[in-house]
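Biologist: I'd like to learn how to read a model like this one, feature by feature. Could you walk me through it?
Modeller: Sure, let's put it on screen and start with a contact.

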Amino acid sequence: MSGGGTETPVGCEASPGGGSKKRDSLGTAGSAHLIIKDLGEIHSRLLDHRPVIQGETRYFVKEFEEKRGLREMRVLENLKNMIHETNEHTLPKCRDTMRDNLSQVLQRLQAANDSVCRLQQREQERKKIHSDHLVASEKQHTLQWDDFMKEQPNKRAEVDEEHRKAMGRLKEQYAEMEKDLAKFSTF
């Protein structure tokens, strides 16, 4: 297959007379041309698969694009139907439901807001009363403390006086006890 003139063509056209004509004419230019042509056909059939692969590739691409196009068309059709359904049925239904329930929701929110305001006001009043009570209690404790501190010098004086009297009594008692003891110690 290297192009030498001694090879016989495989699978090429044979003459009806038995093939001796081709063998006789191997040396001529026309027969070399036929051999090269046959070799080219053999080469293209056995080794060159580009036309077959290109045909298969074109077929695959065509099928893929058709199937993809059909699939995309189905998806787009489904989306169109879903959007139409939403626009025609779901949105009006939601709008009506919102209109019906929105006033109730607003009323409930207003009632809840009023309740929270009342609770907050009560809490503020309670805090104010508690702080007023604390201030009054603090003032009362301050007055009591001031009175207590004013009484302390008088009470201290009383306690000191009482202590001095008790000390005087004890001194007298011990003095008497010493006299009594001195009487007994002379015996």
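Modeller: Arg164 makes a salt bridge with Glu161, and their closest N and O atoms are 1.9 Å apart. By salt bridge I mean a side-chain nitrogen of Lys or Arg within 4 Å of a carboxyl oxygen of Asp or Glu. Keep in mind that this is a predicted model, where local features need pLDDT of at least 70 and side-chain atom pairs count only at pLDDT 80 or more, while totals for chains, interfaces and linings use all residues. Residues are numbered from 1 along each chain as its sequence is written, and side-chain values use heavy atoms, with hydrogens and water left out.

Biologist: Why are Arg164 and Glu161 separated by about one helical turn?
Modeller: The general idea is that an α-helix has 3.6 residues a turn, so residues three or four places apart point the same way. Here, Arg164 and Glu161 are 3 residues apart in helix α3, which is why about one turn separates them. Helices, by the way, are DSSP runs of H or I with at least four residues, strands are runs of E with at least two, and both are numbered from the N terminus.

Biologist: How many salt bridges does a search of the whole structure find?
Modeller: It finds 5. One of them joins Glu123 to Arg126, with the closest N and O atoms 2.1 Å apart; these two also sit 3 residues apart in α3. Another links the side chains of Asp132 and Lys128 at 3.4 Å, N to O, and that pair is 4 residues apart in α3, again about one helical turn.

Biologist: Is Lys128 buried or exposed?
Modeller: Buried means under 20% relative accessible area, exposed over 50%, and partly exposed in between, using a 1.4 Å probe and protein chains only. Lys128 is exposed at 52%, and its partner Asp132 is partly exposed at 42%. In the other bridge, Arg126 is exposed at 53%, while Glu123 is partly exposed at 31%.

Biologist: What about aromatic pairs, how do I read those?
Modeller: A pair of aromatic rings is described by the distance of the centres and the angle of the planes. Rings of Phe, Tyr and Trp (its six-membered ring) pair if their centres lie within 6.5 Å; planes under 30 degrees apart count as stacked, over 60 as edge-to-face and the rest as tilted. That rule gives 1 aromatic pair here. The rings of Trp145 and Phe148 have centres 5.5 Å apart and planes at 35°, so the pair is tilted. Both residues lie in α3, which covers residues 50-185. Trp145 is exposed at 51%, and Phe148 is partly exposed at 38%.

Biologist: Which residues of α2 are buried?
Modeller: Ser31, Ile35, Asp38 and Ile42. Seen down the axis of α2, the buried residues fall within an arc of 65° (taken from the directions from the axis to the C-beta atoms), so they line one face. The face turned away from that side carries the exposed residues Ala29, His33 and Ile36.

Biologist: And how do I check the length of α2?
Modeller: The expected span is 1.5 Å times one less than the number of residues. For the 18 residues of α2 (29-46) that gives 26 Å, and the end C-alpha atoms are 26 Å apart, which agrees.

Biologist: Finally, what is the overall layout?
Modeller: The protein chain has 3 helices and 0 strands. Buried residues make up 3% of its 187 residues.
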